[in-house]
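Please look over the sequence and the model below before reading on. The paragraphs after it go from the whole chain to single residues.

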Amino acid sequence: MISPELNLDVLTRDLSHYLENQVKVGLLGSGVGLSLVLGFSAAYTCYYLISVAKKPQLISGGKKFYQFLREQCPIVSETYYPTFWCWESRIQTLLRPFVTAKPGVTYRNELIKAADGGQISLDWFDNDDSLAHPDPASRPTILLLPGLTGTSRESYILHMVEQSRDLGYRAVVFNNRGVSGETLLTPRTYCAANTEDLETVIEHIHTSYETAPIMAAGVSMGGMMLANYLGRKGQETCLRGVAVFSAGWDVFECTASLEKPLDRFLFNSYLTSCLQASVHRHRPVLEKCYDIDHVMKWLANAVPSQARTIREFDERFTSIMFGYATNDDYYHDASPVHRLKSVQVPMLCLNAADDVFSPSHAIPVEAVKQNPNLAMLITCHGGHIGFLEGLWPRRSTYMDRVFRQFARAVIEQGGRLKDLS
């Protein structure tokens, strides 16, 4: 009879010998290993092609705008292939600033005065080498609005400046007060609901280049501000068209989504700390009117009275600064969904259904269907300002391509958009 100990020794020796040979040969050198790799690859590819890579959903309130987009912006009908190794929402959102290249852009900075005595920083890319539009007076101008704490140096803004340059257009970035290094002259910053500074900027651009066509693109909070501006102005604007990317349409739903444990950890706390850092930089002028200690203190779990989320920051600072009785009043006024019915300028909006900043159930599909000047493009994946595509998404994203095609369509074919009703 063979003893169990001997049996175990033999099995251990044989297994060790087998593994050593596999390591020497390599996994792909064995039929079993190769079959496993090929099987997994085939399964993952099938899953990706069936469940991840999909055509976006295009919704419009009118047939004219819908048909215009399908003809002039073929990307709205094409399958979006997210980067296969990072298609999940949060991964796309987190990686985008690190994996996408930052094109080299040299700006011309201009500080303009606001009605309250403050100053607004504009970063111009004049594109004086434009061959398509050599005359500066008539060179098309693209106004760009960054997100909540963003500036003209964000990678997504630099990519849109690069796309504008390639089209022969001029680009100008509207930096919200106090975020791009300029001195805050008055105790006022910015918020999504207040569009006074944006109105000042648009009027200044129009006055500087009266014969140049102007369109605008806003990202995240910049898109919310643009949508609120259009809802207030109706037809009383010089903008020929607007693109809005990853906007939050209902602020109540956006903040609720960002307060879920994982998203609070990944995004909310960081953004709140950025907002507090901006307040700290301008404390000498702000503390004349506001209780900055109440806003600034930060202890993650120790003191309940200290701001730890964007909602708490808005309750203690933003809503008070802009004169709202309650933070709920501010959030209602800041939510673009309530003004979409009044938009009278062609506006294309891009949202990802998996964006935790703007949850899919709060995307205003029905409101878009009621206004012929609106179109909504919804991808299954893309995250928040992610939209990564390609094996290694360094140069261009899906959002960049949507921007380029729509900007060219508005500027070159804008005459077809004058009456969309």
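What follows is a guided reading of a predicted model, beginning with confidence and overall form and ending with four individual residues.

The chain averages a pLDDT of 91, and 90% of the residues score at least 70, but two stretches call for caution. Over residues 1-8 the pLDDT stays under 50, and the model has one contact beyond four places in sequence for that segment. Residues 14-28 likewise stay under 50, although for this stretch the model has eight contacts beyond four places in sequence.

In secondary structure, the chain is made up of 15 helices and nine strands, and its C-alpha atoms fill a box of roughly 100 × 55 × 40 Å when the box is taken along the principal axes. Of the contacts in the chain with a separation of 6 or more, 76% are accounted for by residues 24 or more positions apart. The accessible surface comes to about 19,000 Å², and carbon and sulfur atoms hold 56% of that area. As for charge, there are 40 positive and 44 negative side chains, and the centres of these two sets lie 3 Å apart.

Turning to the interior, 53% of the 421 residues count as buried. In soluble globular proteins, nonpolar side chains tend to be buried together. Here the largest nonpolar core has 69 residues, and those with the most contacts inside it are L143, F174, L198, L239, W249, F317 and M347. Helix 7, which covers residues 221-233, gives the most to this core, with seven residues. A second core, separate from the largest one, has 45 residues, F68, Y107, I157 and F403 among them.

Helix 12, residues 310-321, contains T318, which counts as buried because its relative accessibility is 6%, below the 20% cut-off for that class. Which residues does T318 touch, not counting those up to four places away in sequence? They are Y190, C191, F313 and Y330. T318 is also 9.4 Å from R188, C-alpha to C-alpha, although 130 residues separate the two in sequence.

Two residues deserve a look for their backbone angles. Most residues other than glycine have a negative phi. In S220, however, phi is near 55 degrees, a positive value in a residue other than glycine. S220 sits in the loop between strand 6 (214-219) and helix 7, and with 13% relative accessibility it counts as buried. F387 also has a positive phi, near 55 degrees, and is likewise not a glycine. Its place is in the loop between strand 9 (374-379) and helix 15, and F387 is buried, with a relative accessible area of 0%.

The last residue on this tour is S421, in the segment after helix 15 (398-413). Is S421 buried or exposed? S421 counts as exposed because its relative accessibility is 67%, and the class begins over 50%. Apart from its neighbours within four places in sequence, S421 is in contact with K64 and P372. The C-alpha atoms of S421 and K63 are separated by 8.8 Å, even though these two residues are 358 residues apart along the chain.

Conventions:
Residues numbered from 1 in each chain as written. Predicted model: local features only at pLDDT ≥ 70, side-chain atom pairs only at ≥ 80, totals over all residues. Heavy atoms only, no water. Core = buried A, V, L, I, M, F, W, Y, C linked by side-chain atoms within 4.5 Å. Buried < 20%, exposed > 50% of the residue type's maximum accessible area, 1.4 Å probe, protein only. Helix = DSSP H or I, 4+ residues; strand = E, 2+ residues; numbered from the N terminus. Contact = heavy atoms within 4.5 Å. Areas by Shrake-Rupley, 256 points an atom, 1.4 Å probe, with all protein chains shown as cover. Lys, Arg positive; Asp, Glu negative; His and termini not counted. Charge placed at Lys NZ, Arg CZ, Asp CG, Glu CD. pLDDT = per-residue confidence, 0-100.
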